[in-house]
Amino acid sequence: MFIGTFAPKLDDKGRLILPAKFRDAFAGGVVMTKGQERCVELQTVAQLEAKAARLREASMTNPEVRGYVRMLFTGGHEQVPDKQGRVGVPTNLREYAALDRELVVLGVMDHVEMWNPQTWESYSAEQEPKFADLAHEIFPGI
């Protein structure tokens, strides 16, 4: 499980040093894809394969499904971190999420997200009151 918030920086070559607590999970490889709300998602190959299996069950005659699948997989990038735990963030994904040197890296249960700090701050400011004031059960038993 991925949990926590970190503020690493991209180096001059566009590489992220993975937070130490995430390195073991990604030692065998990391897949970066476009995420919702203009972030970049980092997943293991196994996690993305599991997601792909679920997506194969969706109707490909639905244009929204086709669009989602295309955006998710065509912008993806797979690599193995180097010995220092660094991974390169491709230009197309840095542009998609407006990532520059400063980042926010989030552990989000089953994946990791990279955000532009200002985008994350705005999103978080919008979501926190909703989270704090939630008065009904949105997931069974939680």
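Start with the largest nonpolar core, which has 20 residues. A nonpolar core here is a set of buried Ala, Val, Leu, Ile, Met, Phe, Trp, Tyr and Cys residues joined through side-chain atoms within 4.5 Å. Buried means under 20% relative accessible area, exposed means over 50%, and partly exposed is in between (1.4 Å probe, protein chains only). Select Leu16, Phe26, Met32, Val40, Leu42, Val89 and Met114: these touch the most other members. Now colour the elements that give two or more residues to this core: helix 1 (20-26), strand 3, strand 4 (40-43), helix 4 (91-96) and strand 8 (111-115). Helices (H or I, at least four residues) and strands (E, at least two) are DSSP runs, numbered from the N terminus. Apart from this core lies another one, of six residues, including Val31, Leu48, Leu55 and Leu72. As a rule, nonpolar side chains in soluble globular proteins tend to be buried together.

A word on what's on your screen: this is a predicted model, where local features need pLDDT of at least 70 and side-chain atom pairs count only at pLDDT 80 or more, while totals for chains, interfaces and linings use all residues. Residues are numbered from 1 along each chain as its sequence is written, and side-chain values use heavy atoms, with hydrogens and water left out.

**Next stop: valine 40**

Click on valine 40 and show its contacts (heavy atoms within 4.5 Å). Leaving out residues up to four places away in sequence, valine 40 touches Met32, Thr33, Gly35, Leu93, Ala97, Leu99, Val112, Glu113 and Met114.

**Hop to threonine 33**

Thr33 was on that list, so to speak, your next click. Threonine 33 sits in strand 3 (residues 30-34). Is it buried or exposed? With a relative accessible area of 1%, threonine 33 is buried. Beyond four places in sequence, its contacts include Cys39, Val40, Glu41 and Gln43.

**Then cysteine 39**

Look in the loop between strand 3 and strand 4 for cysteine 39. Cysteine 39 counts as buried because its relative accessibility is 0%. Among the residues it touches, again skipping those up to four places away, are Thr33, Tyr96, Met114 and Trp115. Try a distance label from cysteine 39 to tryptophan 120: their C-alpha atoms are 8.7 Å apart, although 81 residues separate them along the chain.

**Now the rings**

How many aromatic pairs does a search of the whole structure find? It finds six. Rings of Phe, Tyr and Trp (its six-membered ring) pair if their centres lie within 6.5 Å; planes under 30 degrees apart count as stacked, over 60 as edge-to-face and the rest as tilted. Select phenylalanine 2 and phenylalanine 26, a stacked pair with 5.2 Å centre to centre and 10 degrees between the planes. Phenylalanine 2 lies in strand 1 (residues 2-6) and phenylalanine 26 in helix 1, so the pair ties together parts 24 residues apart in sequence. Both phenylalanines, 2 and 26, are buried. Add Phe6 and Phe22, and you have a cluster of Phe2, Phe6, Phe22 and Phe26 linked by ring pairs.

Then go to tryptophan 115 and tryptophan 120, an edge-to-face pair: 5.2 Å centre to centre, 65 degrees between the planes. Tryptophan 115 is buried at 1% relative accessible area, while tryptophan 120 is partly exposed at 22%.

**Zoom out**

Finally, show the whole chain, with its five helices and eight strands. Its C-alpha atoms fill a box of roughly 45 × 40 × 25 Å, taken along the principal axes. Buried residues make up 37% of the 142 residues.
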